[in-house]
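Reader: Hey, got a minute to walk me through this one? I'd like the overall picture and then some helix packing.

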Amino acid sequence: MTTNRTVQTAADAALWLAVHRGWHVLPLNYGTKTPLRGCADCRAENTDHTPQTCPCLARGDGALCHGVWAATTDASVISRWAQRWHTSVWAVHLGASGLLAVDLDTRPGPPPRHPLNGLPWPADEPPPVDGLDTYATLAALSGGTVGDTFTTDTPSGGLHLVHEAEPGRWKGSHGKVRDGDDTVRTGLGWQIDIKAYGGYVVLPGSTSKAGLYRRSSTTTTPLWRPDWLADALARTGHDRTATPAKATSAPAPVATGGRSGPRRYAVGALRSACTELAVMEPNSGRNRKLFRSTTRLAGMVAAGWIDRTEVETALAAAAGHAGLPAGEIRYALTSGFNRPLPVPDIRSAA
Ligand SMILES: [Zn+2]
Ligand SMILES: [Zn+2]
């Protein structure tokens, strides 16, 4: 429940972050944690202006039109909102504030068989128990750490990790499992949500129906987003500025070797995998491409069509040419060889 004290605490925290950190903050409805309603004109379906061209927001006097886009750093507006709306739930509009939040959940339920989007779960790791676990494993696989950044504990036991990031570059997502194959296909991973452009998170100091949001980091300064996180976000389609990889060609050092059918097929498959991989740009899915190519070729190695060392050497060289770090190459090769795909039937194709 809200008391004058919880209302004051939440508003004070929001005001402090607006003034000292330049965060764009806004009050939310206590029950639904959604933005307050704007004017009837801006809510109308045929409103033909954007938040950026809205006459109400342009006045700068605290109109609450267009949801999160009403957020402000203006201390006098924030104080007026606090008196007028008397809510104990405040939020930061992440995109407008040059921030990105990793929202880690602790909902009960069994993890999917493949908790990470596009990356194999390490064979020697137990399945994750929650989003914190999924994210820590993703960080470790990526050669990084979660980092000591501005962090909020949520009433349900989850975490919001807030990072500074390129304004406008990143889009939000939910880590969703695709029906039928028990595999996370969107977002970063199981119970990991990304909040960024157009997104918001509740601020510490707020009390919702579910309870208190508490800052759990000692620091009140968000850390710049780690490079490994940017790579993981780009790999999984979160980069709003991404351009498709160029289709230029680069030589790949693959010997043709013998002439028998399966051998020739495997060498061809290896060569085209290397040619594609070698010219992939950062943030275009190199890691996943390497892993997938490895699983295909691992099957051919298992069938005796081609030598494992030959496959590993060529794929590692191509991935290195594309700039993939050595640790990631080793990991993708090892996990790929642990999951060989069945060889194709090449008799009909001959
Ligand atoms: Zn309006
Ligand atoms: Zn408007």
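Reader: So how many helices and strands does the protein have?
Author: The secondary structure comes to ten helices and 14 strands, taken as DSSP runs numbered from the N terminus (helices: H or I, at least four residues; strands: E, at least two). This is a predicted model, where local features need pLDDT of at least 70, side-chain atom pairs count only at pLDDT 80 or more, and totals for chains, interfaces and linings use all residues. Residues are numbered from 1 along each chain as its sequence is written, with chains lettered from A and ligands numbered from 1 in the order in which they are written.

Reader: Ok, and what domains is it divided into?
Author: Domain 1 (1-92), domain 2 (94-242) and domain 3 (261-337); the bounds come from an automatic or database domain assignment. The C-alpha centres of domain 1 and domain 3 are 51 Å apart.

Reader: What does the C-alpha trace span?
Author: About 80 × 40 × 35 Å along the principal axes.

Reader: Switching to helices: at what angle do α7 and α8 cross?
Author: Roughly 175°, with the axes of α7 (residues 261-278) and α8 (residues 286-302) coming within 11 Å. Axes are lines fitted to C-alpha atoms over the stretch in contact, and angles run from 0 to 180 degrees between N-to-C directions. The two helices are therefore roughly antiparallel, the word for angles over 145 degrees.

Reader: Which residues make that contact?
Author: Among them are Ala266, Ala269 and Leu270 of α7, and Leu290, Ser293 and Arg296 of α8. Contact means C-beta atoms, placed from the backbone, within 7 Å.

Note on methods
Angles under 35 degrees count as roughly parallel, over 145 as roughly antiparallel, 65 to 115 as roughly perpendicular and the rest as oblique. Two residues are in contact if their C-beta atoms, placed from the backbone, lie within 7 Å.
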